[in-house]
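Please examine the structure shown below. The paragraphs that follow treat its cysteines and then two backbone features.

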Amino acid sequence: MIERQKYMQVALQEAKKAYQQDEVPIGAIVVRNGEIIARAHNTKNRDKDALLHAEMVALRKAQKKLNDWHLNDCDLYVTLEPCPMCAGACINARVRAIYFGAYDPKAGCCGSLYNLPMDKRFNHRPEVYGGVCETECGAILSQFFASKRSKGVK
C-alpha cells in the first residue's frame, strides 16, 4: 500500500468514529516527517459548533502539539474535499499539502467548486492531491446519508 493510501486509511478510521457518533463521517489527520501528529473527526453536531470540521480540529491539535501555528512541513489527509473554511485554514496555517479522498461538488474548494489553494493571490499555496481512496471515502458518506434518508431525517 502506498504511503498516501496508508495515511488515508487512518483518516477513514476517524471518519468511522464520527459515523458511530452520528456525525457526518469525515476524518482528518496531520502528518509531519512521516509521523501522525494529529487525528480528528467531525464533532460539530455534538458540540454545536459549525467550526468543528475534522480538518479544523486536526489543524488545531497539530498546532498545539508543535506550539506553532506554522505547519509548513505538515500534510493534511482528509476523507472529503475541504470546504472554503477548511481550505482557507490550510492556506493560513501554511500546510505543505492537502490530500483528500472524495470530491465534493457542492462545497469543495480544492478543485470542485473553487480552488482556493491554487489561487495565486494568496501568499501560500499548498499542493493538492484529490481522489486518494476516493471510493472508500465516498462510500462511507453515501452510506451515512442513505441511512439518514431511510429514517426520514434531512
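Why does Cys74 form no bond with the closest cysteine sulfur? The model is a predicted one, and in it the cysteine sulfur closest to that of Cys74 belongs to Cys90, at 11 Å. A disulfide requires two cysteine sulfur atoms within 2.5 Å, so the sulfur of Cys74 is too far from its closest counterpart for a bond. Cys109 is likewise in no disulfide, with the nearest cysteine sulfur, that of Cys83, 6.9 Å away. A search of the whole structure finds zero disulfides.

The surroundings of these two cysteines can be described next. Cys74 has a relative accessibility of 0% and therefore counts as buried. Cys109, with a relative accessibility of 1%, counts as buried too.

Attention now turns to the backbone. Most residues other than glycine have a negative phi. Asn33 is not a glycine, yet its phi is positive, at about 50°. This residue is located in the loop that runs between strand 1 (27–32) and strand 2 (35–41). Because its relative accessibility is 61%, Asn33 counts as exposed.

A second asparagine can be considered in the same manner. Where in the fold does Asn67 lie? Asn67 is found in the loop between helix 3 (54–66) and strand 3 (74–80). Its phi is near 55°, a positive value in a residue other than glycine. With a relative accessibility of 72%, Asn67 counts as exposed.

Note on methods:
Residues are numbered from 1 along each chain as its sequence is written. This is a predicted model: local features need pLDDT of at least 70, side-chain atom pairs count only at pLDDT 80 or more; totals for chains, interfaces and linings use all residues. Side-chain values use heavy atoms; hydrogens and water are left out. Buried means under 20% relative accessible area, exposed over 50%, partly exposed in between (1.4 Å probe, protein chains only). Helices (H or I, at least four residues) and strands (E, at least two) are DSSP runs, numbered from the N terminus.
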